[in-house]
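Colleague: I am new to this structure and should be grateful for a guided reading. Could we proceed by question and answer?

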Amino acid sequence: MMIFSNDENNLNYIAIPGDKQHQNTTNHDNLQPVAKVDLLQAIIESFVDGVLIVSPQGKLIHANEYARAICRQLMTKATANDVIPEEVWQICQSLIESSELFTTEKIILESEIQPKPTMKLRLRVRWLELSANPENFLLVTVEDCNQYSKSIAIADAKKYNLTDREIEVWLLRRANLSYKEIANKLYITINTVKKHLQNIYAKQQDINNMNEYNFV
């Protein structure tokens, strides 16, 4: 059981094993207080996606490391740390304008952008309402679509027991490259690409059929 409380400085704490202060309020072992804000920041940093908290005025309040890395890639020149990329701010503005029109609706906006040929991002923005703060903020999550496709391709490689060359072909195919583009990157013929993909699809079908048989 986790116990939350406020100290005299109005800081939120969470009780964890090791703190004698909470011996009388829990049946567990000794508990030790840890600042709740530190816990939440650690959770945000652990997210696979980028997370940004933005003010309605366009100021960056907080971003995890992955989001900061993406912002640095989107910026064309050095800027202040609290400035967000124009691509991110545009979808934030869209949410602000939509909220003014639909005041009773909880709106989540999603957009895909491709600022570079090798970068495709999915942005989602919603309002972040904090009871301790009279001003609302915007919560923006940033997903690297290419990285997501790569993760799925790697999972498929293990699941279907693909060869090294099949993995290379499948990674590029999952990244939406054409047969010709895959052939050029791997220095093989288009027919060879097709042959590898046929083998991959056959392995997928075999595994799926086996799973269906076992289920029955």
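Modeller: The following exchange treats a hairpin, an aromatic pair, a pocket and the cysteines. This is a predicted model, in which local features need pLDDT of at least 70 and side-chain atom pairs count only at pLDDT 80 or more, while totals for chains, interfaces and linings use all residues. Residues are numbered from 1 along each chain as its sequence is written, and side-chain values use heavy atoms, with hydrogens and water left out.

Colleague: In which sense do strand 4 and strand 5 pair, parallel or antiparallel?

Modeller: Strands are DSSP runs of E of at least two residues, and helices are runs of H or I of at least four, numbered from the N terminus. Two strands pair if DSSP finds at least two bridges between them. Strand 4 covers residues 50-54 and strand 5 residues 60-63; over three bridges, their sense is antiparallel.

Colleague: Which residue takes a positive phi in the hairpin of strand 4 and strand 5?

Modeller: Valine 54 stands opposite leucine 60 of strand 5. Five residues lie between the strands, and the one with a positive phi, near 90 degrees, is glycine 58.

Colleague: What kind of aromatic pair do tryptophan 170 and tyrosine 201 form?

Modeller: Rings of Phe, Tyr and Trp (its six-membered ring) pair if their centres lie within 6.5 Å; planes under 30 degrees apart are stacked, over 60 edge-to-face, and the rest tilted. The structure holds one aromatic pair. Its centres are 5.9 Å apart and its planes 85 degrees, so tryptophan 170 and tyrosine 201 are edge-to-face.

Colleague: Is tryptophan 170 buried or exposed?

Modeller: Buried means under 20% relative accessible area, exposed over 50%, and partly exposed in between (1.4 Å probe, protein chains only). Tyrosine 201, at 38%, is partly exposed. Tryptophan 170 has 7% and is therefore buried.

Colleague: Which helix gives the most to the lining of the second largest pocket?

Modeller: On a 1 Å grid over the protein atoms alone, a pocket is an open set of points where a 1.4 Å probe fits, with protein on both sides within 12 Å along at least five of seven lines; lining residues have an atom within 4 Å of a point. The lining comprises 14 residues. Helix 4 (145-159), helix 5 and helix 6 (179-186) each supply at least two of them. With three residues, the most comes from helix 4.

Colleague: How many disulfides are counted?

Modeller: A disulfide is a pair of cysteine sulfur atoms within 2.5 Å. Cysteine 71 is buried at 10%, and cysteine 92 is buried at 0%. By the distance rule, the count of disulfides is zero.
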